[in-house]
Number of protein chains: 2
Amino acid sequence: MTSTTVLRRFNRNYTQRIGVLEDSFLGLGMPLAAARLVFEIGTRPTTIQALRARLGLDSGYLSRLVRGLERRGYVTVQPDVTDRRRRVLTLTDDGHKLLAEIEARSEAKACAILDPLSPRQRERLEAALATADLLVRAATAEFVRVDPTDPLAREAVTRYVAELNERFEHGFDPGPLAPADDEQYRPPHGVFVVARSDGEPVAGGGVRTFGGTAEIKRMWVHPDWRGAGLGSRMLRRLEDEAVALGHRVVRLDTRHVLTEAIALYERSGYQRIDRYNDNPYATHWYEKRLPA
Amino acid sequence: MTSTTVLRRFNRNYTQRIGVLEDSFLGLGMPLAAARLVFEIGTRPTTIQALRARLGLDSGYLSRLVRGLERRGYVTVQPDVTDRRRRVLTLTDDGHKLLAEIEARSEAKACAILDPLSPRQRERLEAALATADLLVRAATAEFVRVDPTDPLAREAVTRYVAELNERFEHGFDPGPLAPADDEQYRPPHGVFVVARSDGEPVAGGGVRTFGGTAEIKRMWVHPDWRGAGLGSRMLRRLEDEAVALGHRVVRLDTRHVLTEAIALYERSGYQRIDRYNDNPYATHWYEKRLPA
DNA sequence: CACGATGTCTGACTTTAGTCAGATATTCTG
DNA sequence: CAGAATATCTGACTAAAGTCAGACATCGTG
C-alpha cells in the first residue's frame, strides 16, 4: 500500500468518525466558525489580520463573525496602538466563560472517543497521533525566501542566537548586528529562507558569499519541529539557492556541541575540511561540491 | 500531555491542513457530498438505506442528492429485488469516469501533501497513520447485543468457523447448526455480542450456560482489526454479560494453535483447568472467577 | 388481510459558510 | 504631501448542507 493510499484512507475514516469533535460546538447558539474564533482569541489576544492569516478566512466573513461575537459581548475590539488600521481582539469575562465551555465540550468529546481504549492502546494512539501531527505540520510548512529584515527572518535569527548562547559552554555573542550584515543575505550576495507555518517561523537559514564560495549560516529549526526533516529540507533549499547565486561549492562551520547539525551535514554529503575562517566558536568546517 | 490533548491538537492541525483533501472535489460541478456518494457507490453497489447508515445523512437530503446524480446520468436507481421498498444504486459508465476523476484528484492532492517529505519521513507518517487509523476505528466500534440469528451474528460466526477451519491442522467441522444452538445464546441462557463498525461486524462472541457456569464461545476478531484491543474488550463485555446472567464463574476452551487467544486469556486472569467438556478440538481449558 | 414498521420521496424551510465589489480609514514610500 | 498599499468594514449575493413534517409504497406479523 502506498503512502497516499494510507493517507487517504485515514482521512476518510478519521474525518467521518472524529469530525464529530467539532459537533461538540453545536448547541452553543453560534456557528462553528465563531467557536473556533473564540478558541483562537482565547489562546492569545490577536488582531483580525492574524486570524485571517491563521484560519484563512475572507476578510468580510471574518469581520461579520467578529462583530457577532462583539455584539454578544464575548470579545472586545480595540484599535492597535502601534497601527491604528489594525484591531486587537480580546476575550471579555463572558468570552472566557464561553471558552471554558467550549474546552469542556471538546474535552468531553475527546474523552468519549478514547474511553473504549485500554491505557496501552491509548498510549499507542497518542504516540501515533503526535508523530503524524509533527510530520503533517512539517509537510505543510512553506519555505519562502524573505528579506533578512523581515520579521520572520529576524525572529528565526534571534531564536538561533538564543539557542547557541544556551548550548555553548561559555555562551555565544553574535557581535553587533550591522546593517551591512543584512546586505550579505540579500541578492546578489546571498539569500535568507524561512519555513513558515501558520504565520510563525519554524525554521530559517541563510546563504552568503564568503571567500569566493557560498557559505550557509544561521541554520535553525524550531525545537518543537525537530525530527521531521525540516533541517534536511532547509539545507537542500539553501544549496539550491547557492547554485542559483552561481556557486559550485558551499561551506559551513559549526561547533562540536551541535551534534544533530554535524550528523545532518555528514549525512548530506559534506566533507570535513580545514579551518577556512576565524570564527572563534567553530570547531568543525565542512564543504560540499554542488551539482550544477 | 494527556491523550485527549494530543487528540484535540492533532484534530485541529489536521483538519485545517488536510481538510484540503476534500477541496480537491471542488470544481466538479457538484457539491462535495455528492462526490462522496459517488465514491461510496463506486466501492460497491449499495442501497440508499446503507448509505444513510454509513454516512449518517438525512433521508430527504440523501434522496435529493441521489436524484441529482441520477439526473446527470452518473448513477442508476433500481428497486431491490428482495425488498422493493429498498433501492439499489449503481454507477453508470459516466459515473465510473467521474469516480476515476475524483480518485485522480484525491491522489494528486495526497501526493502534493506528502511530496515535501523524504522517503524516510513518509514511511514514518504512513506507519503512524496506519496505527492511528486502526485504533480510531477500533475505539469507535460499537458493541451491541444481538440475536444469534441476526445477520451480523451469522457473519461473525461464519467467519469464525472459516478461520478455525483454516488454522486447525485437520480443519474444523462445527457440526450441523441446530436451531437449538441459537437458543443457547439467547436470554435467559446466554447472549451474543458483536462489535460493529460502518454496519459490518468486526468482532463477535457469545456466552452460554454450560454445566452450571458461564461459557464463552465463538470469540472472533476481524483480521484487519487485530492488535487494537477489540479482543480484550469483547472478553470483558462477555464477562459482564455472564455476570448479568447470574454467573460467578466463566469457562472457555481453545486450541494450542490459537496462540493470540491463549495469550489474551492468560493476560486477562484466566486460570488453566482440566478438561471440562468433550470438545475434540480443544487442548486448553480455562476458568475465571468473576467479581460480583 | 389489517396494522405497524420500514424505506423512500417531496415540499418548505433554515443555517452556515462563503464570495465579491466597493467604501473608508490609516500607514508607508518616495 | 501625493499616491500606493494595507487593514477593516459593509452590502448584496450564492451555494451547500441540513432539518422537519408528512405522503406513499412495501413488507412482515399475527
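These legends accompany close-up views of a predicted model.

**View 1. Protein residues around DNA strand C.**
DNA strand C is surrounded by 20 residues. Chain A supplies Arg84(A) and Arg85(A) to the closest of them. Gln49(B), Arg64(B) and Arg87(B) from chain B are also among the closest. By class, the residues of this surface comprise 11 charged, 5 nonpolar and 4 polar. On the DNA side, sugar or phosphate accounts for 63% of the strand C atoms within 4 Å of the protein. Bases make up the rest.

**View 2. Polar contacts to DNA strand C, and the elements behind them.**
Two of the contacts shown involve phosphate oxygens, one from each chain. At Arg84(A), a polar backbone atom is 2.7 Å from a phosphate oxygen of strand C. At Ser63(B), a polar side-chain atom takes part, 3.4 Å from a phosphate oxygen. Arg85(B) addresses a base instead: an N or O atom in the Arg85(B) side chain is 3.1 Å from a base oxygen of strand C. Four helices each give two or more residues to the surface near the strand. Chain A provides helix H3 (32-43) and helix H5 (59-71). Chain B provides helix H4 (48-55) and helix H5 (59-71). H5(B) gives the most, with 5 residues.

**View 3. The axis relating chain A to chain B.**
A rotation of 180° superposes chain A on chain B, with an RMSD of 0.2 Å. The shift along the rotation axis is 0.0 Å. The two chains are therefore related by a two-fold axis. Within chain A, Ala128(A) comes closest to this axis, its C-alpha lying at 2.2 Å. Both copies use the same surface: 98% of the contact residues of chain A recur in chain B.

**View 4. Gln16(A) and its contacts in chain B.**
Gln16(A) sits in helix H1 (residues 3-18) of chain A. Is Gln16(A) buried, partly exposed or exposed? Its relative accessibility is 31%, so Gln16(A) counts as partly exposed. Beyond its neighbours within four places in sequence, Gln16(A) is in contact with Arg54(B), Leu55(B) and Asp198(B). Leu89(A) is 73 residues from Gln16(A) in sequence. In space, the C-alpha atoms of Gln16(A) and Leu89(A) are 33 Å apart.

**View 5. Strand E10 of chain B and its partners E8 and E9.**
Strand E10 (residues 284-289) of chain B pairs with strand E8 (residues 249-254) of chain B. The pairing is antiparallel and runs over 6 bridges. Within it, Asp253(B) has Trp285(B) of E10(B) as its bridge partner. Strand E9 (residues 271-273) of chain B is also joined to E10(B), by 3 bridges. E9(B) and E10(B) run antiparallel. Here Arg272(B) has Tyr286(B) in E10(B) as its bridge partner.

**View 6. The open sheet E1-E3-E2 of chain B.**
Three strands of chain B form an open sheet in the order E1-E3-E2. Their pairing is antiparallel. Which strands form the edges of the sheet? Strand E1 (46-47) and strand E2 (75-79) do, each pairing on one side only. E1(B) is joined to strand E3 (residues 87-91) of chain B by 2 bridges. Across this pairing, Thr47(B) stands opposite Val88(B) in E3(B).

Definitions and conventions: Residues are numbered from 1 along each chain as its sequence is written. Chains are lettered from A and ligands numbered from 1 in the order in which they are written. This is a predicted model: local features need pLDDT of at least 70, side-chain atom pairs count only at pLDDT 80 or more; totals for chains, interfaces and linings use all residues. Side-chain values use heavy atoms; hydrogens and water are left out. A residue is near a molecule or strand if one of its heavy atoms lies within 4 Å of it. A polar contact is a pair of N or O atoms within 3.5 Å; within protein, one must be able to donate a hydrogen and the other to accept it, and residues adjacent in sequence count only if both atoms are side-chain atoms. Ala, Val, Leu, Ile, Met, Phe, Trp, Tyr, Cys and Pro count as nonpolar, Asp, Glu, Lys and Arg as charged, and the others, Gly among them, as polar. Copies are superposed by least squares on the C-alpha atoms of residues with pLDDT of at least 70 in both. Contact means heavy atoms within 4.5 Å. Buried means under 20% relative accessible area, exposed over 50%, partly exposed in between (1.4 Å probe, protein chains only). Two strands pair if DSSP finds at least two bridges between them.
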